[in-house]
Structures are given as C-alpha cells and as structure tokens.
Amino acid sequence: MGIKRRLSPRTGEGRDVDWWGRLFGERREDALPLYNAVVTRGRAEHWYLDGAVPDTVDGRFDMIAAVLAMVLIRLEAEPAAAALSAHLTERFVDDMDGQLRQMGIGDIVVGKHIGKMMSMLGGRIGAYRDGIAAGDLGPALVRNLYRGTAPDAAAVAHVAAALTALHAGLAGMPLDRLTAGEIA
C-alpha cells in the first residue's frame, strides 16, 4: 500500500491522500470507474454529430453534465447509493477544477466557477428529472444542453432518445455494476 501525496492548490502543502482517506473511511476512488464511464459516454461522437451538440468546451461540459445527471437521477432511487453519488459528484468537481486550471483560470476565481458549474448541474438534474417524468426531454435539452438555441428537431430528438434510453437502461442496472463503471 503506497501513500500518494497530493499538493493542496491553496497552500502547496502535501497531504497523504490514501492514508487519511482510509483512516476516515473515504472511498472516493470507488467512484472513479463510474465517473470515467460518464465522461466516455459524454464524449461519444454521436452527441456532437447526430445530436448537434456544439463541440466546444461548453458543449462538452453540457453533454457530460447531461449524462452525469442521468446517472445521479438513477442513484437517487437507491438509498444505498448515497455515498457513491456524493463521491461521483466530488469526482466531477475535481475534474472541473483541473480543467479550469488547465485553461489558465487562477486560484482566486476557480471556486466561483466551480460553484456556478455545480449550480448548473443541480439545475440540469431537476430539469432532466422533470422532463423524464413528463415524457419529453426536448424543452429541458433546448434550455440546458443547447443553451436556448435549438438545432433542428432531428438533433434534439436524437439526444432525447439516447438520454431516455440511457435512463431506462440505468434503472435496471445493479449498484455493483454501476460502481464498476458499467452504464447502459
């Protein structure tokens, strides 16, 4: 068992990630396979080609957030998945933090950007949950994925059908398979 050191972006001090995490029962690494599967699914070509999702930084964020929202909605349905859901969300925050820093956003404003992204994710979860319940993801997609500018109806229908199928496939997926990174 090796000890990994992670430097704090604020203080530059190292901390023993594995040792402290194990001591206090943190199992954030358990969410990594699922998070990687979410990102892989969100980067699939068909979203950007058939679904006309803009292939931009914002478009990729919006698509990954849409897939992540479907997974988080699934995890809401199972009380035993609360920790996995929290760790998955933490992975998302860590990834977005790293992406912002890589784009040159400084320490002073990263937190503000992360807060905005988390608010956007929360809003999308609610909008997609409501769209699924109503049987029509289209309006939520136009507002959140396409940021108010709808492409042609076939593109919206493609994304709506694919996300609805993902949601349906996740509903029957056992928690251990989700944890292993299998998403329908």
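Read from the N terminus, the protein follows the pattern β-β-α-α-α-α-α-α-α-α-α, with nine helices and two strands in total. Helices (H or I, at least four residues) and strands (E, at least two) are DSSP runs, numbered from the N terminus. The structure is a predicted model, in which local features need pLDDT of at least 70 and side-chain atom pairs count only at pLDDT 80 or more, whereas totals for chains, interfaces and linings use all residues. Residues are numbered from 1 along each chain as its sequence is written, and side-chain values use heavy atoms, with hydrogens and water left out.

The mean pLDDT (the predictor's confidence in each residue, from 0 to 100) is 84 for the protein, and 79% of its residues reach 70 or more. Over residues 1-25 the pLDDT is below 50, although this stretch has 23 contacts in the model beyond near neighbours in sequence. Contact here means heavy atoms within 4.5 Å. Where pLDDT is low, the predicted coordinates should not be read in detail.

Of the 184 residues, 39% count as buried; buried means under 20% relative accessible area, exposed over 50%, and partly exposed in between (1.4 Å probe, protein chains only). The protein exposes about 9900 Å², of which carbon and sulfur atoms supply 57%; accessible areas come from the Shrake-Rupley method with a 1.4 Å probe, and for residues only the protein chains shown count as cover. Among contacts with a separation of 6 or more, 59% are accounted for by residues 24 or more positions apart.

The largest nonpolar core comprises 50 residues, and those with the most contacts inside it are Met63, Leu75, Leu88, Tyr128, Leu141 and Leu163. Such a core is a set of buried Ala, Val, Leu, Ile, Met, Phe, Trp, Tyr and Cys residues joined through side-chain atoms within 4.5 Å. At least two residues of this core are supplied by each of helices H2 (32-42), H3 (45-49), H4 (57-76), H5 (82-102), H6 (107-134), H7 (138-144), H8 (153-171) and H9 (175-179). H4 gives the most to this core, with 13 residues. In soluble globular proteins, nonpolar side chains tend to be buried together.

Helix H4 has 20 residues and reaches 28 Å from its first C-alpha to its last, close to the 28 Å expected at 1.5 Å a residue; the expected span is 1.5 Å times one less than the number of residues. Because 16 of its 20 residues are buried, H4 is largely enclosed by the rest of the structure.

Two residues of H4 illustrate its packing against Leu88. Val71, placed in H4, is buried with a relative accessible area of 0%. Leaving aside neighbours within four places in sequence, Val71 is in contact with Leu34, Val38, Leu88, Leu170 and Ile183. Leu72, also found in H4, counts as buried at 5% relative accessibility. With the same neighbours left aside, Leu72 is in contact with Ser85, Leu88, Thr89, Leu121 and Ile125. Leu72 and Leu88 are 16 residues apart in sequence and 8.4 Å apart in space, C-alpha to C-alpha. Leu88 itself touches Ala31, Leu34, Tyr35, Leu68, Val71, Leu72 and Leu75, not counting residues up to four places away in sequence.

His167 lies in helix H8 and counts as partly exposed at 23% relative accessibility. The C-alpha atoms of Val71 and His167, 96 residues apart along the chain, are separated by 7.5 Å. Those of His167 and Ile132, 35 residues apart along the chain, are separated by 8.5 Å. Beyond residues up to four places away in sequence, His167 touches Met70, Ile73 and Ile132.

H4 also holds a charged residue, Asp62, which counts as buried at 2% relative accessibility. The side chains of Asp62 and Arg124 are joined by a polar contact of 2.8 Å, a polar contact being a pair of N or O atoms within 3.5 Å; within protein, one must be able to donate a hydrogen and the other to accept it, and residues adjacent in sequence count only if both atoms are side-chain atoms. Apart from its neighbours within four places in sequence, Asp62 is in contact with Met120, Arg124, Asn144, Leu145 and Arg147.

Arg147 is found in the loop between H7 and H8 and counts as partly exposed at 39% relative accessibility. Arg147 has a positive phi of about 50° although it is not a glycine. Ala52, in the loop between H3 and H4, likewise has a positive phi, near 55°, in a residue other than glycine. At 33% relative accessibility, Ala52 counts as partly exposed.
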